[in-house]
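Got the viewer open and a selection box ready? Let's take a short walk through this one, a stop at a time.

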Amino acid sequence: MKQSALKQLVRPLIHLLIKRPKFLILIPLLGGLWYGYEVFVARPAMTYMGVPQVNATPPQTGIMTGFSHILRNQGYMLEYSESLENPLWVTYKVTKAKYKSGKRPSGFTSDWRSYQQVKHDDYTGSGYDRGHMAPNYVIASRYGSTAQKETFLMTNITPQRPKLNQKSWQRLEEVIANDLSEQNGDFWVTTGPIFDAQPKTLKNSSVKIPKAFYKILIKPSTPQTPAKALAFIFPQNAKSTASLMTFVTSIDEVERLTGIDFFADLEDDFEERLESSQTPEAWRLQEVANRPSRY
């Protein structure tokens, strides 16, 4: 909901409460109902096997993620750190494409739900791209134009070096959206930044700069096939011509570097096996790993 729409909703409610204060008793009831729906229904429906659990101070880096909160959008969901001014994780489901990707918005929009209100211009002249975590094309082609516009909210954006954002990272997103989707059917993606203990900030801004980025793919099991997972870590200085196989890692390694527990609702023994494995061959990644970007 946009800020103007929120004001239009809130103002009549305030006038009603002034005139009829007995309705104040409804506020905690409605708040409880909303919280219950959000936590127990809406959020689990937009993740696979549990909402990622963030450790406020990952032991590997010691980076303080500070206050963070979950923001749910039409095609994706994320947890946003107000201290780092970055999303910590972003998750979405890749399904069969059913919409044409619309025209890209001319700029990026501050998210009214964020306290920091990072702006489009905070990145201008910084030497870093505004890197989408939930990709424009995947969300647009699976969830439509409204969802596409929400990928241009600044809470979905993180600083990426141009050669990474426009080369290696983009190649991976193209492969996920097209080849892996066609070959594997529906699957889930969770992605986000990785930080040093004392990250630098953008020029003339307090937005923290990640040292690397992760992406995790997981396909739930079916009666015909077992569950499978695939994880990547891309450093900011990733070589633009490197094979995507170069960046394959395990979910365990991503968890070690981020302090985030993914897929916690999986049975423990199965989770341990899945998260420790590296199985690019199960995804037929090697067939497309060296393909250049189409753009």
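## Stop one: a serine in a helix

Start by selecting Ser168, which sits in helix α5, the stretch covering residues 162-184. Keep in mind as you go that this is a predicted model.

Is Ser168 buried or exposed? Its relative accessibility is 0%, so Ser168 counts as buried. Now show its side chain and look for the backbone oxygen of Lys239: the side chain of Ser168 reaches that oxygen at 2.9 Å.

Next, bring up the surroundings. Leaving out residues up to four places away in sequence, Ser168 touches Lys163, Phe234, Ala238, Lys239, Ser240 and Leu244. Keep Leu244 displayed, since Leu244 also turns up in the lining of the cavity at the next stop.

## Stop two: the second largest cavity

Searching the whole structure turns up 3 cavities of 30 Å³ or more. Go to the second largest, with a volume of about 60 Å³. Which residues line the second largest cavity? Select Arg171, Glu174, Val175, Asp179, Leu244, Val288, Arg291, Pro292 and Arg294. Colour them by class and you get 4 nonpolar and 5 charged residues, with no polar ones.

## Stop three: a salt bridge in the lining

Two of those lining residues, Arg291 and Asp179, deserve a selection of their own. Their side chains meet in a salt bridge, 2.7 Å from N to O. This pair ties together distant parts of the chain: Arg291 belongs to the segment after α7 (268-276), while Asp179 is in helix α5, 112 residues apart.

Try a surface view of the two partners. Arg291 has 32% relative accessibility and therefore counts as partly exposed. Asp179, at 12%, counts as buried because the cut-off for buried is under 20%.

## Stop four: two other salt bridges

How many salt bridges does a search of the whole structure find? The count is 7, so there are others to visit.

Select Glu287 and Arg284, whose side chains form a salt bridge at 3.1 Å, N to O. Glu287, with 47% relative accessibility, counts as partly exposed. Arg284 is partly exposed as well, at 40%.

Finish with Arg113 and Asp111. They form a salt bridge in which the closest N and O atoms are 2.8 Å apart. Here both Arg113 and Asp111 are buried.

How values were computed:
Residues are numbered from 1 along each chain as its sequence is written. This is a predicted model: local features need pLDDT of at least 70, side-chain atom pairs count only at pLDDT 80 or more; totals for chains, interfaces and linings use all residues. Side-chain values use heavy atoms; hydrogens and water are left out. On a 1 Å grid over the protein atoms alone, a cavity is a set of points where a 1.4 Å probe fits but cannot get out, and a pocket is an open set with protein on both sides within 12 Å along at least five of seven lines; lining residues have an atom within 4 Å of a point. Grid points are joined across faces, edges and corners, and a volume is the space filled by probe spheres set on the points. Ala, Val, Leu, Ile, Met, Phe, Trp, Tyr, Cys and Pro count as nonpolar, Asp, Glu, Lys and Arg as charged, and the others, Gly among them, as polar. Helices (H or I, at least four residues) and strands (E, at least two) are DSSP runs, numbered from the N terminus. Buried means under 20% relative accessible area, exposed over 50%, partly exposed in between (1.4 Å probe, protein chains only). A polar contact is a pair of N or O atoms within 3.5 Å; within protein, one must be able to donate a hydrogen and the other to accept it, and residues adjacent in sequence count only if both atoms are side-chain atoms. Contact means heavy atoms within 4.5 Å. A salt bridge is a side-chain nitrogen of Lys or Arg within 4 Å of a carboxyl oxygen of Asp or Glu.
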